[in-house]
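Here is a short briefing on one protein model. Read the points below with the structure open.

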Amino acid sequence: MGAEAGHPQQQPPSSLRPGRAAAAAAAAPPAVLGLQLSALIDHVARVDWSLLDRVPGDRGGSQQVSIEELNHILDEVNAHILPSRNDLTPITTIAGGSVANTIRGLSAGFGISTGIIGACGDDNQGLLFVNNMSFSGVDLTRLRAKKGHTAQCVCLVDASGNRTMRPCLSTAVKIQANEFRKEDFKGSKWLIVRYAQQNMEQIIEAIRIAKQEGLSVSLDLASFEMVRDSRSKLINLLETGNIDLCFANEDEAREVIGGGLESDPEEALAFLGKYCKWAVVTLASKGCMAKHGKQVVQVPAIGESNAVDTTGAGDLFASGFLYGLVKGLPLEECCKVGACSGGSVTRALGGEVRPENWQWMYKQMHARGLLLPELKN
């Protein structure tokens, strides 16, 4: 299963052609920037538990694999594919990564101008990433084109819609800390970052420049394994006071406070709230909790009963929540928009919202009296 399946060879993307960067530089800076050091392609597949039992690592989490292991998993997927539901294709190959999912959602679904800072390989996967993100309206003038491989990730979705992620990042091209420029950040309002202990040099440098340029910083905690394995570095990062908004799911929240299954998400929310202006703990089918100053709200999930695939649910929740912050909405309304957008992506396979599901989201927002996006098209 190649990443280029269904996408024939094309000319080099216009966003990377000479002259395009100069023209884009004259335009207004994106309101929201996403830091994704390596462009990433997701291979999303529906599988049964017998296959998940043969995949190393914890089911439901994210653990890095080698390119050989990734290809082996893809071979296994092809041999054990589950029938699709609602006539959807059983395998989706698309631009991915948590940050990419969030900024693509902000641009395509909410009409917020976004850009991505990172590096892209010169292979077919890189071409697919660029074309997909460009189609969604994301500014790619800060995406460095490099010779080499683009990162890939297998996203295995079980019959309940839960996902297990196996990314292959070790051979991928990556933007380095010394490649960041102040011009990349100038004029923007938010920088979105995903926690990764192996990328701390780049993360710290990007945040340093972003704060110098007056940006607010949003941090996603990535996975419970990542928090568990490098909790001390995460706490050090929070203690800098440079993280304005932090997103954690229920499993990540437990690891943040070092608790077991019985630990209270309210405790984790309070802990994160000590360091961040806004703190959010998503609770899957139970919705979310959020804190801003002394205010704490809890909002139920929307659309969870129709979940086909939870891939990208947290990322698209972040899209909606950030839309609310950019528009100056109250905390509870930010959560409600996030619940609508997070629910929209679970209605189909993969981390990109389909057009019909954006329409579903707008209907949910309208029904709740929420501020609808002003879309150009």
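Start at Phe-129: beyond its neighbours within four places in sequence, Phe-129 is in contact with Gln-36, Ala-39, Leu-40, Ile-41, Ala-95, Gly-96, Ala-100, Ile-116 and Leu-143. The model is predicted. Phe-129 also ranks among the residues with the most contacts inside the largest nonpolar core.

**Nonpolar cores**

- The largest nonpolar core has 54 residues. Those with the most contacts inside it are Phe-129, Leu-245 and Phe-321.
- Helix H12 gives the most to this core, with eight residues.
- Another core lies apart from it and has 45 residues. Val-173, Leu-191, Met-200 and Met-289 are among them.
- In soluble globular proteins, nonpolar side chains tend to be buried together.

**Aromatic pairs**

- The structure holds eight aromatic pairs.
- One of them joins Phe-247 and Phe-321, edge-to-face. The ring centres are 5.6 Å apart, and the planes make an angle of 85 degrees.
- This pair links distant parts of the chain, 74 residues apart. Phe-247 sits in strand E10 (residues 245-249), and Phe-321 sits in helix H12 (residues 313-326).
- Both Phe-247 and Phe-321 are buried.
- Ring pairs also link Phe-110, Tyr-323 and Trp-358 into a cluster.

**Helix H4**

- Does the length of H4 agree or disagree with the expected span? H4 covers residues 98-110, which is 13 residues. At 1.5 Å a residue, these should span 18 Å. The end C-alpha atoms are 17 Å apart, so the two agree.
- H4 is mostly covered, with twelve of its 13 residues buried.
- The buried residues include Ala-100, Arg-104 and Phe-110. Ala-100 is one of the contacts of Phe-129, and Phe-110 belongs to the ring cluster.
- Polar residues are also on the buried list, including Ser-98, Asn-101, Thr-102 and Ser-107.
- Just after H4, Gly-111 takes a positive phi of about 70 degrees.

**Ile-94 in strand E3**

- Ile-94 lies in strand E3 (residues 91-96).
- Is Ile-94 buried or exposed? Its relative accessibility is 10%, so Ile-94 counts as buried; the cut-off for buried is under 20%.
- Ile-94 is in contact with Leu-40, Ile-41, Asp-42, Arg-104, Asn-132 and Glu-352, leaving aside neighbours within four places in sequence. Leu-40 and Ile-41 are also contacts of Phe-129. Arg-104 is one of the buried residues of H4.
- Ile-94 and Gln-125 are 31 residues apart in sequence, and their C-alpha atoms are 8.9 Å apart in space.

**Hairpin E6–E7**

- Strand E6 (residues 151-157) and E7 run antiparallel, joined by six bridges.
- Leu-156 has Thr-164 in E7 as its bridge partner.
- The two strands form a hairpin with five residues between them. In the turn, Gly-161 has a positive phi of about 90 degrees.
- E7 (residues 163-168) is mostly covered, with five of its six residues buried.

**Glu-255 in helix H10**

- Glu-255 lies in helix H10 (residues 250-256).
- Why does Glu-255 count as buried? Glu-255 is buried because its relative accessible area is 17%, and the cut-off is under 20%.
- Not counting residues up to four places away in sequence, Glu-255 touches Phe-224, Val-227, Arg-228 and Arg-231.

Methods: Residues numbered from 1 in each chain as written. Predicted model: local features only at pLDDT ≥ 70, side-chain atom pairs only at ≥ 80, totals over all residues. Heavy atoms only, no water. Helix = DSSP H or I, 4+ residues; strand = E, 2+ residues; numbered from the N terminus. Expected span 1.5 Å × (residues − 1). Buried < 20%, exposed > 50% of the residue type's maximum accessible area, 1.4 Å probe, protein only. Phe/Tyr/Trp six-rings, centres within 6.5 Å; stacked < 30°, edge-to-face > 60°. Contact = heavy atoms within 4.5 Å. Pairing = 2+ DSSP bridges. Core = buried A, V, L, I, M, F, W, Y, C linked by side-chain atoms within 4.5 Å.
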